[in-house]
Amino acid sequence: MALPREAPALMRRHLRRRCVQCGLSADAIPASQPMECPRCGCDLSERPPRSYAQMEGLDAAAPARDVERALSDARVQAAATRWLMVVGAVLAAGIGGLAAMLWAASH
Ligand SMILES: [Zn+2]
């Protein structure tokens with residue numbers, strides 16, 4: 001399952017398929033020898049690479065929904081952060097303007 005790059009690191013780690021014998025990432029298994037792990041020689045036709053989520057029975061449709069939810073949460077957090085930065089900048093500019101007006105009025 002190809003995950004988007006924005007998916008949280010922990011999510012990607014749980015969904016990355018690995019050799020069940022040595023833990024080599026399935027991405028590192030060359031297409032030229034798809035049935036044998038290049039690191040440990042595990043027979044991948046007998047024991048195909050699996051993710052942590054698959055081994056724990058958490059696979060099927062759930063990861064896609066979880067990824068969508070995590071991405072949605074990340075987008076909401078990013079929007080809230082941007083909004084707070086704008087409000088903070090406006091407040092800082094307002095306070096600065098007031099301070100400048102007060103300083104100019106007292107001199
Ligand atoms: Zn292996």
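**Chatting through a three-helix chain**

Reader: Hi! What kind of model is this, and how many helices and strands does the chain have?
Author: Hello! This is a predicted model. The chain has three helices and zero strands.

Reader: Nice. What pattern does the chain follow along the sequence?
Author: Reading along the sequence, you get α-α-α.

Reader: And the overall dimensions? What does the C-alpha trace span along its principal axes?
Author: The C-alpha trace spans about 85 × 25 × 20 Å along those axes.

Reader: How does the radius of gyration sit against a compact globule of 107 residues?
Author: Such a globule would come out near 13 Å, but the chain has 25 Å.

Reader: Got it. What percentage of the residues count as buried?
Author: That would be 7% of the 107 residues.

Reader: Switching to contacts: of those between residues at least 6 apart in sequence, what share joins residues at least 24 apart?
Author: In this chain the share is 44%.

Reader: Let's pick some residues. Where does Trp83 lie, and is Trp83 buried or exposed?
Author: Trp83 lies in helix α3, and it is exposed.

Reader: Why does Trp83 get that label?
Author: Because Trp83 has 10 other C-beta atoms within 10 Å, and a residue counts as exposed with 12 or fewer.

Reader: How far is Trp83 from Leu98?
Author: Their C-alpha atoms are separated by 23 Å, with their positions 15 residues apart along the chain.

Reader: What about Met85, where is that one?
Author: Met85 lies in helix α3, which covers residues 62-106. Met85 is exposed, with 10 other C-beta atoms within 10 Å. From Met85 to Arg17, 68 residues apart along the chain, the C-alpha separation is 39 Å.

Reader: Okay, over to Pro8. Which part of the chain holds Pro8?
Author: Pro8 lies in the segment before α1, and that helix runs 9-15. Pro8 counts as partly exposed because it has 15 C-beta neighbours inside 10 Å.

Reader: And how far apart are Pro8 and Ala70 in space?
Author: C-alpha to C-alpha, Pro8 and Ala70 are 7.4 Å apart, although 62 residues separate them in sequence.

How values were computed
Residues numbered from 1 in each chain as written. Predicted model: local features only at pLDDT ≥ 70, side-chain atom pairs only at ≥ 80, totals over all residues. Helix = DSSP H or I, 4+ residues; strand = E, 2+ residues; numbered from the N terminus. Rg over C-alpha atoms; globule rule 2.2 N^0.38 Å. Buried ≥ 20, exposed ≤ 12 C-beta atoms within 10 Å, placed from the backbone. Contact = placed C-beta atoms within 7 Å.
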